[in-house]
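Trainee: Pick one part of this chain and walk me through it closely, please. I'd like to hear where a few residues sit and what surrounds them.

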Amino acid sequence: MEIINNPQELQTLSLMLRAEGKKVALVPTMGFFHEGHLSLMDAARRQADVVIVSLFVNPTQFGPNEDLDAYPHNLERDAKLAEEHGVDILFTPTRDDMYYEDHSTWVEVPDLAANLCGKSRPVHFRGVATVVTKLFMTAQPHVAVFGEKDWQQLAIIKRMVRDLNIPVDVQGHPIVREESGLALSSRNVYLTEDEKKKAPMIQQGLRQMRDAVDKGKNNAAELKEELAAFYSREIPGSRVDYIEIVHPGSIENLDIIEGPALCAVAVHVGKARLIDNLLIKV
Ligand code: AMP
């Protein structure tokens, strides 16, 4: 595995590999790998000749009071795991490698960023869309793999690629969970042992909502209220950022569940803000 931190070098190499007829896949990450990241790398490995993983904690997607400086990292461990999973190139640029001091170009998908995480993290998706565009230009992938854990992010990137005619096949990959049901996240390290025992209730509640919908309940306001009550009962001390039921493509709120519906939640548990989602109707 090669480690590259210069964007120009990666771009030149990738263009050369493409010219040789190689299929290139990219997995963008912020590092501190867990099985979720590794499953995206495996999915990329299965279909490409060259797998590039980017590891970059992107400052422009963090708000002023968020955990940019506290974000967990362990490059040595990450490099070992990536190599074990057959990654060919680990791209590890510094902030200065990625952004000029007077960077002033932004990519925004406001319609899809208005709801859910975009509400409480106003600059987040602008930062994500911009850095992913830069990563696409730099790594020149045919395919890029993203996790469905960040469902809204995936929807935004798919729309961005469509709207801007970016020639990348954007693929979603199912959420990888611990046996307990807790969605894997680099931020789970912020949880205490006790919080870790309670956090699986986040998914438990989503599943209960899906069961209720299966039984014919279709009033979103009632379903959301029930879930909020479940969380305050089962995860004492937690604070709900949002519980929403949205159309999985447009990310617009639904009042009545008739067709495809996604329930997405963000819950503060201790120091961690955990997100999760479940398709409650397909
Ligand atoms: P991050 O490093 O948190 O920015 O995540 C990098 C990629 O891994 C994103 O596409 C995430 O959606 C994906 N990802 C993170 N956690 C999981 C998970 N538990 N299951 C599947 N994909 C995940």
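Mentor: Before we start, a helix here is a DSSP run of H or I with at least four residues, and helices are numbered from the N terminus. Keep in mind too that this is a predicted model. With that settled, let's zoom in on helix α4, which covers residues 95–98 and holds Asp96. Asp96 has a relative accessible area of 70%, and since anything over 50% is called exposed, Asp96 counts as exposed. This residue also has company of its own charge: Asp96, Asp97, Glu101 and Asp102 together make up a negative surface patch. Joining a patch takes over 30% relative accessible area and no salt bridge, so that is a handy thing to know about each of those four.

Now set that beside another acidic residue, Glu66, found in the loop that runs between β3 (50–55) and α3 (75–84). Glu66 has a relative accessible area of 28%, so we call it partly exposed. Once neighbours within four places in sequence are set aside, Glu66 touches Gln61 and Arg121. Arg121 is 55 residues away from Glu66 along the chain, yet their C-alpha atoms are separated by 9.1 Å.

For the opposite end of the scale, go to helix α7 (residues 124–139), where Thr138 sits. Thr138 is buried, because its relative accessibility is 9% and the cut-off for buried is under 20%. As for what surrounds Thr138, beyond four places in sequence its contacts are Pro7, Leu10, Gln11, Ser14 and Phe91.

Methods: Residues are numbered from 1 along each chain as its sequence is written. This is a predicted model: local features need pLDDT of at least 70, side-chain atom pairs count only at pLDDT 80 or more; totals for chains, interfaces and linings use all residues. Side-chain values use heavy atoms; hydrogens and water are left out. Patches are made of residues with over 30% relative accessible area and no salt bridge: like charges are joined within 9 Å, nonpolar side chains (Val, Leu, Ile, Met, Phe, Trp, Tyr) within 5 Å. Accessible areas come from the Shrake-Rupley method with a 1.4 Å probe; for residues, only the protein chains shown count as cover. A salt bridge is a side-chain nitrogen of Lys or Arg within 4 Å of a carboxyl oxygen of Asp or Glu. Lys and Arg count as positive and Asp and Glu as negative; His and the chain ends are not counted. The place of a charge is taken as NZ of Lys, CZ of Arg, CG of Asp or CD of Glu. Helices (H or I, at least four residues) and strands (E, at least two) are DSSP runs, numbered from the N terminus. Buried means under 20% relative accessible area, exposed over 50%, partly exposed in between (1.4 Å probe, protein chains only). Contact means heavy atoms within 4.5 Å.
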